[in-house]
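Subject: Structure handover and notes

Dear colleague,

I am passing a structure on to you, with the notes I would want beside me when opening it. Please look at the structure before reading further.

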Amino acid sequence: MITFFVSIAVLLFGFIVYGKFTEKVFNPDGRKTPAVALNDGVDHVPMKTWKATLIQFLNIAGTGPIFGALMGACFGPVVFLWIVMGSILAGAVHDYTTGMISERHDGASIAELSGIYFGRPVRLIMRIFAIVLLLLVGTVFIKSSATLMSTVTGDTPGIFFWILIISVYCLLATLLPIDKVIGKAYPVFGVILIIMAVSVTIGIIVTPGVSIPELTLENLHPDNLPIWPFMFVTVACGAISGFHSTQSPIMAKCIKNEKDGRPVFYGAMIIEAVIALIWAAAGVAFYGGTHALSNAISTLGQSGVVFDISNKMLGVVGGILAIVGVVICPITSADTAFRSARLIIAEWTKSDQKKIKNRLLITVPLLVGSWILTNVDFDILWRYFSWSNQTIAMIALWVSTSYFVRNGRKAASLITALPAAFMTGVSITYILMATEGFGLSATIAYPVGLAVAAHSLLVYSIITVKIKAPHKV
């Protein structure tokens, strides 16, 4: 268990040290934030730092750090390394920079920021891509929550009953001012999630015969899926996730001071990484190895595995707490996924969101589309969500890089350019190799992915040299 506890310690150390370094590189100042300057009582609403941090965490968490971590654990303890280093050097930097850049553009969406820093064609592509991703995210999280509730309650009332109940909640949370439902309920949910994480950790420690394996770089996946790039896509929300760049603008509209950005954006990502680490450890420890874990996922599904681990390892009370936590995670990300989609569409169509009628006109079609998508097989939805998720992360990091370069911060841009190039390689290699992509062999996909990543760095280097006059924001 040494690797597990060292990993937790490194994540906390990363927040204190690299988080502070990232903040220093960005250089927050005393300017008025959108929450103060544009307070509209609906989306731009000032919030206390602790509350904004908990809301951001619940916005980004979803089932990604749970289901993704369980599937990632099938590769073996090497997944701990990706969760820890990916979160500190890439994921938390991604969340912090996109959140802070959005804040400096009045809470603009990642699609709008893409247009500002890469032009109109990219803005259009990102608007469509982001809305599709958010629709997939909302659907995946509604369905996974409903599936778990159906697993717990049995065939009666059934999965579609829970889909309906969760969808109604998402409708209300998407339509109402952010401080009415999200602002009041999320802090309570946050406490429940912390209790859940502590409960699962205690369960790992005290359960007889359960032992977390120590770190090895060996690929232990039973289907022999290559670590590169599959593990880096499978564990998205627990390490780096483009979905977060669609969520950060929600809290960018609510922070009262620019210096709140580090705990809200960087800190929430580190908390999510801890959750991912706990569930990855629980999965491989409880089933005693990657083969048994993989078989359990195939037989029971991800929701069934969560129920199995929680019920058998923690007993009735602990199991209920863990299951409630796992249900809350996706629901509180599904509602803000639809909220983000609403805001992007409103931004696109110049629709005034102070009027409830305008919010309804956007939200209802989104939820109808999600209802239709719930009929698609979960594994298919997850694979397309995972790839599109990491592709948006790649683009968002390049947007952050462009922000630094255009503001005359060329050296500072390296903190986003390097993970951006890395995620470029991940995204391109995955879509070339995956069955839902081009299905090419590693002998073709690896060199092409590496070449595209190297080319992106070359283009970045050339542009960095050419840009002379910075545009301060």
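The notes below cover a pocket, a buried acidic residue and some backbone details.

This is a predicted model, in which local features need pLDDT of at least 70 and side-chain atom pairs count only at pLDDT 80 or more, while totals for chains, interfaces and linings use all residues. Residues are numbered from 1 along each chain as its sequence is written, and side-chain values use heavy atoms, with hydrogens and water left out.

D335 sits in helix α13, residues 290-349 (helices are DSSP runs of H or I with at least four residues, numbered from the N terminus). D335 is buried without a salt bridge, the nearest side chain of opposite charge being R339 at 7.7 Å; buried means under 20% relative accessible area with a 1.4 Å probe and protein chains only, exposed over 50%, and partly exposed in between, and a salt bridge needs a side-chain nitrogen of Lys or Arg within 4 Å of a carboxyl oxygen of Asp or Glu. Lys and Arg count as positive and Asp and Glu as negative, with His and the chain ends not counted.

As for the backbone, the peptide bond from W228 to P229 is cis, with omega near 0°, and P229 belongs to helix α10, residues 227-234. Two residues other than glycine have positive phi: D106, at about 60°, lies in the loop between α5 and α6 and is partly exposed at 48% relative accessible area, whereas K350, with phi near 60°, lies in the loop between α13 and α14 and is exposed at 71%. The second largest pocket, a pocket being an open set of 1 Å grid points, over the protein atoms alone, where a 1.4 Å probe fits with protein on both sides within 12 Å along at least five of seven lines, has 19 lining residues (those with an atom within 4 Å of a point).

How values were computed. Helix = DSSP H or I, 4+ residues; strand = E, 2+ residues; numbered from the N terminus.
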